[in-house]
Amino acid sequence: MAETSGLKVPKKGYRLFKSKDWNVFIEGLWHNNPIFGMILGLCSALAVTNLMLNALVMSLSVTVVLLVNSIIISSIKHLIPDRVRMIAYMFIISSLVIAVDLVLKVFLPDISRALGPYVALIITNCIIMGRAESFAINNSVKLAISDALGVGLGYGFSLMMLAFFRELAGFGTLFGFRVIPETITPAALLSIPPGAFFALGTYILVITTIRKRRAK
Amino acid sequence: MNILLLLFASIVTSNIALTYFLGMCPFVTISKNVKVAFGMGMAVTFVMTVTAMANYLINHYVLIPFGLQYLQFLVFIVTIAALVQVIEIFLDRYSPALYAAFGIFLPLITVNCAILGVSLFVMLRVYNFWQTVVFGFGSGVGWMLAIIAIGGLRKKLIFSDPPENFTAPGITAILAGIMALAFIGFTGMASL
């Protein structure tokens, strides 16, 4: 968890844009990427990525909760006493998750059923608590929004990558549309739980390799 | 569902860590050492059983009669946080040996998604009281089994020679995948 603390100074080549907001956003998307970089929030990432649609809905839910939570925390940070801040986070996050869950139940009942307990488990997702504690509580609302969007999209991007691989190889479909003809037997291993671990391990290998190349 | 079948399924075939991916953060970070993994596993089993019972009772005798189901998530997590505090105080006062063994893990457990996950599964699958107790206990034992096994496997990794870029989290994920295959192999006997 040591890497989660605050802001890393971007490397020189990364300063495409001078704005600090943009740098914070890119940090969240790549260096602080929750799944492949910080190895946080794995539960939902592994559980919902057998189908791309589930992964998309899940990443949108997490991004919304993360964004609203970061905005609330960073705007009322002077009002929260230091000693009860964890409990304050928990109350805010739980209320937001209840709202998201009700919205999903009403508008997307099928997906809500498929996601099962994992929407409610956003409450204990380390990403949201981690960003609140390490970033939103110490920074302005504007920066907190950039950070939440970066980390949220980074999370979504990782989930979609995992789901793309797993759905394509496991079912031969993408978003439910058939891509690989039915005559080719899909690799069902990737659609069951162990496949999630294999897909994640492979991605971490690929991303570590890319990062090491870039560092050289 | 038969209680014994439920126990077997929750420990092995529907293992909470390897099939439902709950409690993954400590699973990856704490599993470097079998002894620590054991302490954490014991603490999780204990807390899981107690909180599953408490949340079942609160859900059935407070929330449902008063029509407050929409507060379930909030109440569950608050109950878990409060119970962990109470357990910590009790252990510190009455059983210092036990407190020394797994007291340090208790604060970490409040945000362990496996604990909340068990309470949510109990609610979603409409278990009765005894099924809840068995499911909570079985899931805890299953989680402990998984984290001890991965701890033991990771110790052997020191002597092996994986590819250079296959650093800790990547190789742990692959190991967990192979283990999950072994656990799921029993699905024909019982599953949830």
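Contact here means heavy atoms within 4.5 Å. Keep that cut-off in mind as you click around, and remember that this is a predicted model.

**Stop 1: a serine in chain B**

Start by selecting B:Ser119, which sits in helix α7 (residues 113-124) of chain B. Leaving aside residues up to four places away in sequence, show what B:Ser119 touches: B:Thr51, B:Ala52, B:Asn55 and B:Phe76. Now draw a distance from the side chain of B:Ser119 to the side chain of B:Asn55; you should get a polar contact at 2.8 Å. Is B:Ser119 buried or exposed? Its relative accessible area is 3%, and the cut-off for buried is under 20%, so B:Ser119 counts as buried.

**Stop 2: the nonpolar core**

Next, bring up the largest nonpolar core, which has 116 residues. Those with the most contacts inside this core come from both chains: pick A:Phe36 and A:Leu200, then B:Leu18, B:Leu22, B:Met24, B:Phe27 and B:Ile109. Zoom in on B:Phe27 and, again skipping residues up to four places away in sequence, look for what it touches. You'll find B:Ala17 and B:Leu18, then B:Trp143, B:Ala146, B:Ile147 and B:Ile150, plus B:Arg154 and B:Ala176.

**Stop 3: chain A on its own**

Hide chain B for a moment and colour chain A by secondary structure. There are 8 helices and 2 strands. Trace the sequence and the order reads α-α-α-α-α-α-α-β-β-α. Chain A has 216 residues, and 54% of them count as buried. Try a contact map too: among contacts in chain A between residues at least 6 apart in sequence, 72% join residues at least 24 apart.

**Stop 4: where the chains meet**

Bring chain B back and select the residues in contact across the two chains: 35 from chain A and 38 from chain B. About 3100 Å² is buried between them, with carbon and sulfur atoms giving 85% of that area. On the chain A side, highlight A:Cys43, A:Thr124 and A:Phe197; these lose the most area to chain B, together 19% of what that side buries.

Which helices of chain A should you colour here? Go for α2 (42-47), α4 (85-107), α6 (126-134) and α8 (193-215), each of which supplies at least two residues of the side touching chain B. The largest share comes from α8(A), with 13 residues. Colour that side by residue type and you get 25 nonpolar, 8 polar and 2 charged.

Finally, search between chain A and chain B for salt bridges: the count is 0. For polar contacts, the count is 1 residue pair, both at pLDDT 80 or more.

How values were computed. Residues are numbered from 1 along each chain as its sequence is written. Chains are lettered from A and ligands numbered from 1 in the order in which they are written. This is a predicted model: local features need pLDDT of at least 70, side-chain atom pairs count only at pLDDT 80 or more; totals for chains, interfaces and linings use all residues. Side-chain values use heavy atoms; hydrogens and water are left out. Buried area is the accessible area (1.4 Å probe) that two parts lose on being put together, summed over both. A salt bridge is a side-chain nitrogen of Lys or Arg within 4 Å of a carboxyl oxygen of Asp or Glu. A polar contact is a pair of N or O atoms within 3.5 Å; within protein, one must be able to donate a hydrogen and the other to accept it, and residues adjacent in sequence count only if both atoms are side-chain atoms. Helices (H or I, at least four residues) and strands (E, at least two) are DSSP runs, numbered from the N terminus. Ala, Val, Leu, Ile, Met, Phe, Trp, Tyr, Cys and Pro count as nonpolar, Asp, Glu, Lys and Arg as charged, and the others, Gly among them, as polar. Buried means under 20% relative accessible area, exposed over 50%, partly exposed in between (1.4 Å probe, protein chains only). A nonpolar core is a set of buried Ala, Val, Leu, Ile, Met, Phe, Trp, Tyr and Cys residues joined through side-chain atoms within 4.5 Å.
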